[in-house]
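User: Please take a close look at the ligand's surroundings for me. Then carry on to the salt bridges and the part of the fold that they lead you to.

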Amino acid sequence: MSELFHEQLQALRAQSLHRKLREIGTAQGPEVEIVGQQLVNFSSNDYLGLANDPLLREAATAAVAEFGVGAGASRLISGTQSPHVRLEMALAQWKGAAAALCFSSGYAAAVGTLPALAGKQDVILLDKLCHASLIDGAKLSGATLRVFPHNHLGKLESHLEWARRERPEARVVIVTESVFSMDGDRAPLRELVGLKRRFKALLLLDEAHAVGVIGTHGRGLAAEENLTQHIEVQMGTLSKALGVSGGYICGSRTLIEWLVNRARSFIFSTAPPPALAAAATAALEFLGSPAGEERRLKLWRRIETLRKALQLPPPLPGSTTPGGSAIHPLMVGDEQEAIDLSRALQTEGFLVPAIRYPTVAKGAARLRITVTAANAEPQILALAEAVNRLRAAPAVAA
Ligand SMILES: *Cc1c(COP(=O)(O)O)cnc(C)c1O
């Protein structure tokens with residue numbers, strides 16, 4: 001039995017594609033401890049520093065005292081508790097939608113929703129850089145899949161023309177993200193909405209890395225561009241800037257009613273703990289408050305500090321280039337070189353992950369720096385100094 005998968009694992013090691021887990025002995029925050037070493041954290045998606053915020057901790061603790069820990073059953077059996085209902089009302093209002101539905105993760109939201117939106121006879125068009133959860137959801141649906149090159153409107157248009165010509169009866173769903181998770185750039189949302197309207201397609205927009213970061217009170221890119229009413233399926237996660245865990249879909253009442261009846265990851269999975277729903281509701285209340293908006297603006301000052309110190313160009317207003325999010329990829333290419341650079345940074349006290357295949361394409365390895373509102377200016381400047389120095393120096397042979 002111990003031989004099982006041994007060779008495959010060896011092959012991964014030989015290609016510098018092997019991964020392993022690292023134990024973190026502390027709460028998430030600007031500093032974390034890994035096996036006795038204190039590291040400044042530039043790897044987290046907890047963009048507003050809410051994962052360990054007293055407001056969320058207290059909301060969760062109070063909900064544990066009132067509702068206990070487990071939800072006991074799936075939402076349709078007996079697991080819909082008041083905190084879930086309150087969270088969904090707050091989410092719908094925050095996103096400017098008629099209704100919302102929560103899932104146990106963003107991944108579950110994607111793999112539950114896409115097969116409910118499209119079936120064998122339908123067509124799903126995906127951006128090449130879409131998150132694995134969207135790809136898996138699209139595959140699970142059984143629909144015909146077509147991938148368009150990243151943010152390539154011309155190729156998307158020709159796929160739409162093909163779908164309308166060859167599959168006049170099909171439902172056509174365009175799937176993309178507002179901020180791409182490993183590249184940090186944005187989708188050209190206005191143009192995408194124009195295309196989907198012209199071809200009468202549906203649009204699923206995953207705002208995982210935009211909520212909490214972009215738009216007034218962190219409502220996301222659709223809200224910032226005033227396009228909310230044109231996006232049928234607004235997806236997001238509670239796990240990143242909102243500091244908790246879980247995924248959601250916002251949309252029309254009929255869409256949400258359909259998902260309650262058809263999204264299998266919702267129907268056949270125990271409801272998330274009510275305390276998580278209470279904490280997420282507290283996060284939304286915070287985002288909507290002046291203190292929340294101040295935290296978001298602080299994040300943007302930290303982003304600006306990092307990009308200046310790394311001599312990365314500022315984004316053009318309204319552009320889709322990196323710089324318009326909290327994610328800053330430093331392209332390396334070679335997998336082993338990316339690992340070596342990440343290790344060298346760890347030696348100097350910084351946690352910056354090397355991102356490799358299958359998260360990104362082979363030969364497109366990179367460091368992925370995420371900055372949060374909780375990172376102090378001197379930490380960011382120290383990181384940039386180390387990155388600039390290590391990248392300028394010839395690689396040290398391991
Ligand atoms: C993280 C992520 C998800 C999954 O969300 P979880 O809540 O972590 O399961 C989905 N889509 C995108 C773009 C993501 O970055």
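Analyst: A polar contact to the ligand is a pair of N or O atoms within 3.5 Å. Asp206 gives a neat example: one of its polar side-chain atoms sits 2.6 Å from a ligand nitrogen. Keep in mind that this is a predicted model, so local features need pLDDT of at least 70 and side-chain atom pairs count only at pLDDT 80 or more, while totals for chains, interfaces and linings use all residues. Residues are numbered from 1 along each chain as its sequence is written, and side-chain values use heavy atoms, with hydrogens and water left out.

Back to the ligand. Two backbones also reach it: a polar backbone atom of Gly106 is 2.8 Å from a ligand oxygen, and a polar backbone atom of Tyr107 is 2.9 Å from an oxygen of the ligand. Helix 5 (106-117) and strand 8 (233-237) are the elements that give two or more residues to the shell around the ligand; helices (H or I, at least four residues) and strands (E, at least two) are DSSP runs, numbered from the N terminus. In total, 15 residues surround the ligand (a heavy atom within 4 Å). The closest are Asp206, His209, Thr237, Ser239 and Lys240.

Now for the salt bridges, meaning a side-chain nitrogen of Lys or Arg within 4 Å of a carboxyl oxygen of Asp or Glu. The structure has 14 of them. Start with Lys95 and Glu207, whose closest N and O atoms are 3.6 Å apart. Lys95 belongs to helix 4 (residues 82-95) and Glu207 to the loop between strand 7 (202-206) and helix 9 (221-224), so this pair ties together parts that are 112 residues apart in sequence. Both ends are tucked away: Lys95 is buried at a relative accessible area of 4%, and Glu207 is buried at 0%. Buried means under 20% relative accessible area, exposed over 50%, and partly exposed in between (1.4 Å probe, protein chains only).

Helix 9 has a salt bridge of its own. Its residue Glu224 pairs with Arg186, which sits in the loop between strand 6 (172-177) and helix 8 (189-198), 38 residues away in sequence. The N to O distance in that pair is 3.3 Å. Here the two ends don't match: Arg186 counts as buried at 12% relative accessibility, whereas Glu224 is partly exposed at 44%. Elsewhere, Glu348, Glu385 and Arg389 are joined into one network by salt bridges that share partners.

One more pair is worth following. Asp53 makes a salt bridge with Arg295, with 3.3 Å between the closest N and O atoms. Asp53 lies in the loop between strand 2 (37-41) and helix 2 (54-67), and Arg295 is part of helix 13 (residues 290-309), so the bridge ties together parts 242 residues apart in sequence. Asp53 counts as buried, at 9% relative accessibility.

That brings us to helix 13, which also holds Leu306. Leu306 is buried, at a relative accessible area of 0%. Beyond its neighbours within four places in sequence, Leu306 is in contact (heavy atoms within 4.5 Å) with His328, Ile369, Val371, Ile380 and Leu383. You can see the chain coming back here in another way too: Leu306 and Gln379 are 73 residues apart in sequence, yet their C-alpha atoms are 9.7 Å apart in space.

Conventions: Polar contact = N/O pair within 3.5 Å; in protein donor to acceptor, adjacent residues only side chain to side chain.
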